[in-house]
Each structure stands twice: as structure tokens, then as C-alpha cells.
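User: I would like to understand the labels used for this fold. Can you take me through them?

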Amino acid sequence: STTRRQLAVAAGIAEKRLATTDLGYEAIDTRSNAQETAQWVARHDYTSIRLVTSAGHMRRAQLELDRVLPASVSVIPDSVPVEPLAPTIAAEFSKFLLRRAALAYGAA
């Protein structure tokens with residue numbers, strides 16, 4: 001439910017700079033976010049995208065995008081530095097390992 005106004009305030013920029021920014025609202029998790037992104041990439045016939053997410057979440061987000069995007073689409077990682085607490089790091093790494101294992105065993 002994030003708006004362009006909220007993004008502009010967080011980034012310290014004028015809202016009008018985000019006028020051509022597409023916002024998606026269908027995703028509920030990292031997997032569905034990757035699927036929504038893949039549909040968006042196909043709809044616009046993009047050949048490269050920039051993946052912006054927290055440094056701790058980057059590996060899992062990129063794993064999911066690599067799963068659903070064609071190999072011809074380049075994903076440029078652009079992580080946002082954060083200082084998460086140890087439980088957050090452990091939870092994110094656990095999710096990454098579990099998802100990677102699930103994909104290795106044929107889960108979608």
C-alpha cells in the first residue's frame with residue numbers, strides 16, 4: 001500500500017520524480033513479488049532491471065527472480081545497507097537456505 005508520496009518522502013525527493021514509477025500491490029511475499037515482477041518485465045519487454053532491496057534480503061530476492069525471469073533478462077543487484085539485529089539475520093538466512101533446498105528438490 002506504499003504510495004509515491006511515501007517513497008518520495010523516504011528518499012527525500014520531489015514526488016513528481018516518481019511519476020513514471022510503477023508500483024505493484026499484488027505480491028504478499030518474496031516469491032509472489034518475483035512473479036509479479038516477471039509479469040511486469042514481460043509486459044514492458046525489458047531486458048534488464050535493477051533489484052533494490054536490503055542487503056540481508058538480496059540473496060533470497062535474487063534467487064526468486066532468477067527462478068522466474070528468462071535468462072536473457074539481466075538483474076542488477078543494488079542493496080540498501082541496513083544494520084539488522086542477529087535474529088533478523090538468522091531468520092533471513094534460514095529462509096534463504098530453506099527456499100534453496102526446496103527448489104533443489106523440485107518445489108516451485
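Analyst: Start with a definition. A crossover is right-handed if, with the strands pointing away from the viewer, the path from the first strand over the helix to the second runs clockwise. Keep in mind that this is a predicted model.

User: What makes a right-handed β-α-β unit here?

Analyst: Strand β1 (residues 48-54), helix α3 (residues 58-68) and strand β2 (residues 74-80) make that unit.

User: How do you know that β1 and β2 pair?

Analyst: Pairing needs at least two bridges. β1 and β2 have seven, in the parallel sense. Ile49 stands opposite Val75 in β2.

User: Why is α3 called roughly parallel to α4?

Analyst: The axes of α3 and α4 (residues 86-104) cross at roughly 25° and come within 9 Å. Angles under 35 degrees count as roughly parallel, so α3 is roughly parallel to α4. The crossing is left-handed. Among the residues in contact are Leu63 of α3 and Phe96 of α4. By class, this contact has eight charged, four nonpolar and no polar residues.

User: Why are α2 and α3 called oblique to each other?

Analyst: The axes of α2 (residues 30-44) and α3 cross at roughly 45°. Roughly parallel takes an angle under 35 degrees, and roughly perpendicular takes 65 to 115. The angle of roughly 45° fits neither, so α2 and α3 are oblique. Their crossing is right-handed. The contact includes Ala34 and Ala38 of α2, with Ala61 and Leu65 of α3.

User: Which classes make up the contact of α2 with α3?

Analyst: Five residues are nonpolar, three polar and four charged.

Technical notes: Residues numbered from 1 in each chain as written. Predicted model: local features only at pLDDT ≥ 70, side-chain atom pairs only at ≥ 80, totals over all residues. Heavy atoms only, no water. Helix = DSSP H or I, 4+ residues; strand = E, 2+ residues; numbered from the N terminus. Axes fitted to C-alpha atoms, helices over the stretch in contact; angles between N-to-C directions. Parallel < 35°, antiparallel > 145°, perpendicular 65-115°, else oblique. Left-handed = near helix turned anticlockwise from the far one by under 90°. Contact = heavy atoms within 4.5 Å. Nonpolar A, V, L, I, M, F, W, Y, C, P; charged D, E, K, R; others polar.
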